[in-house]
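This briefing looks at aromatic rings and their surroundings in a predicted model. A pair of aromatic rings is described by the distance of the centres and the angle of the planes.

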Amino acid sequence: MYPDANLTLRLSYGNIKGLQPADGIEYRYYTSLDGVMEKENPDNWEFVVPAQLKSAYERSDFGPYARTDGKMPVCFIANTHTTGGNSGSPILNAKGELVGTGFDRNWEGISGDIQYQPDFQRTICVDIRYTLFVIDKIAGARYLIKEMDIVP
């Protein structure tokens, strides 16, 4: 059992890893902007895609943030142990470089609040490339990008 996440320094480690929680169910380790566009539903506030994002997608205007195959990464999952209160936590690679931001957990891993289950528990993370893309191309805040040391 781990201490409460509030007012304590917690550190978790793991690997980017997909998930097969049951027969016939498989989650890849990543999502892309293609998936966001596939789920678009202007009648459901949770799935409304802003016009600027749609436009950038249609033009494939992803700048230097796209993967080598031209796809725009959005999220990834990792087998780290998180709990309520970890949203917004930085996700670092082995070199200490920021690669994402943790914000949620998968449904099958909710029991991890009681005990960590490495076969089922995943942290859902925003890929830092998507964050940088949104800052640069959607929010128009390129000046923020210029202040950062971005490692390709």
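Tyr130 has a relative accessible area of 14% and is therefore buried, the cut-off being under 20%. Phe133, with a relative accessibility of 0%, likewise counts as buried. The structure, which is a predicted model, holds three aromatic pairs, and the points below describe two of these pairs together with a charge placed over a ring.

**The pair Phe62 and Phe133**
- The ring centres of Phe62 and Phe133 lie 5.8 Å apart and the planes meet at 75°, so this pair is edge-to-face.
- Distant parts of the chain are linked by this pair, since Phe62 belongs to the loop between α2 (51–59) and β4 (73–78), while Phe133 belongs to helix α3 (residues 128–138), 71 residues apart.
- Phe62 and Phe133 are both buried.

**The pair Tyr130 and Phe133**
- Tyr130 and Phe133 form a tilted aromatic pair, with 5.9 Å from centre to centre and 40° between the planes.
- Because Tyr130 and Phe133 are three residues apart in helix α3, about one helical turn separates them.

**The cluster**
- Through ring pairs, Phe62, Tyr130 and Phe133 are linked into a cluster, in which Phe133 takes part in the edge-to-face pair with Phe62 and also in the tilted pair with Tyr130.

**A charge over a ring**
- Arg28 lies over the face of Tyr30, at a distance of 4.5 Å from the ring centre.

Terms used
Residues numbered from 1 in each chain as written. Predicted model: local features only at pLDDT ≥ 70, side-chain atom pairs only at ≥ 80, totals over all residues. Heavy atoms only, no water. Phe/Tyr/Trp six-rings, centres within 6.5 Å; stacked < 30°, edge-to-face > 60°. Helix = DSSP H or I, 4+ residues; strand = E, 2+ residues; numbered from the N terminus. Buried < 20%, exposed > 50% of the residue type's maximum accessible area, 1.4 Å probe, protein only. Lys NZ or Arg CZ within 6 Å of the ring centre and 35° of its normal.
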